[in-house]
Amino acid sequence: MRKLYRSVLNRKITGLCGGIGEYFQIDPNIVRILLIVAVFITHGAALLAYFIVSFFVPKEPAPNIHFQDHYNY
């Protein structure tokens, strides 16, 4: 089951639009454009909702990346 997270790599402000884009498998730029349009239509209420939702949606867990030491210091 997929879960909605704020993106760690695909972020501009909080990563919410990147996370929504990854969740729905669409380009995050489309989500960002829709957010900008919604901000103008709602006279800023969508921006307030963006930050409130960003507070509740957890950040994407960091992947377990282990780097090997190839230089043998």
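Begin with the lining of the largest pocket in this predicted model, which by class is made up of 7 nonpolar, 3 polar and 2 charged residues. To see this lining, select Lys12, Ile13, Thr14, Gly15, Leu16, Cys17, Gly18, Arg32, Leu35, Ile36, Leu47 and Tyr50 together, and look at the space that they border, whose volume is about 160 Å³. Rolling a probe the size of a water molecule over the atoms shows where empty space is left.

Next, switch to a cartoon view and colour by secondary structure, where you will find 3 helices and 0 strands, following one another from the N terminus as α-α-α. Which helices supply at least two residues each of the lining of the largest pocket? Select α1 (16–24), then α2 (28–41), then α3 (45–56), since each of these helices does so.

Now select Leu16, Cys17, Val31, Tyr50 and Val57, the 5 residues that form the largest nonpolar core. Leu16, Cys17 and Tyr50 should already be familiar, as they are also among the residues that line the largest pocket. Keep Val31 highlighted and show its surroundings: leaving aside residues up to four places away in sequence, Val31 touches Cys17, Ile20, Gly21 and Ile26.

Finally, select the whole protein and show its surface, which exposes about 6100 Å², with carbon and sulfur atoms supplying 66% of that area. Of the 73 residues in the protein, 23% are buried. If you then display contacts between residues at least 6 apart in sequence, 43% of these contacts join residues at least 24 apart.

Notes
Residues numbered from 1 in each chain as written. Predicted model: local features only at pLDDT ≥ 70, side-chain atom pairs only at ≥ 80, totals over all residues. Heavy atoms only, no water. Core = buried A, V, L, I, M, F, W, Y, C linked by side-chain atoms within 4.5 Å. Buried < 20%, exposed > 50% of the residue type's maximum accessible area, 1.4 Å probe, protein only. Contact = heavy atoms within 4.5 Å. 1 Å grid on protein atoms, 1.4 Å probe; cavity = no way out; pocket = protein on both sides within 12 Å on 5 of 7 lines; lining within 4 Å. Points joined across faces, edges and corners; volume = space filled by probe spheres on them. Helix = DSSP H or I, 4+ residues; strand = E, 2+ residues; numbered from the N terminus. Nonpolar A, V, L, I, M, F, W, Y, C, P; charged D, E, K, R; others polar. Areas by Shrake-Rupley, 256 points an atom, 1.4 Å probe, with all protein chains shown as cover.
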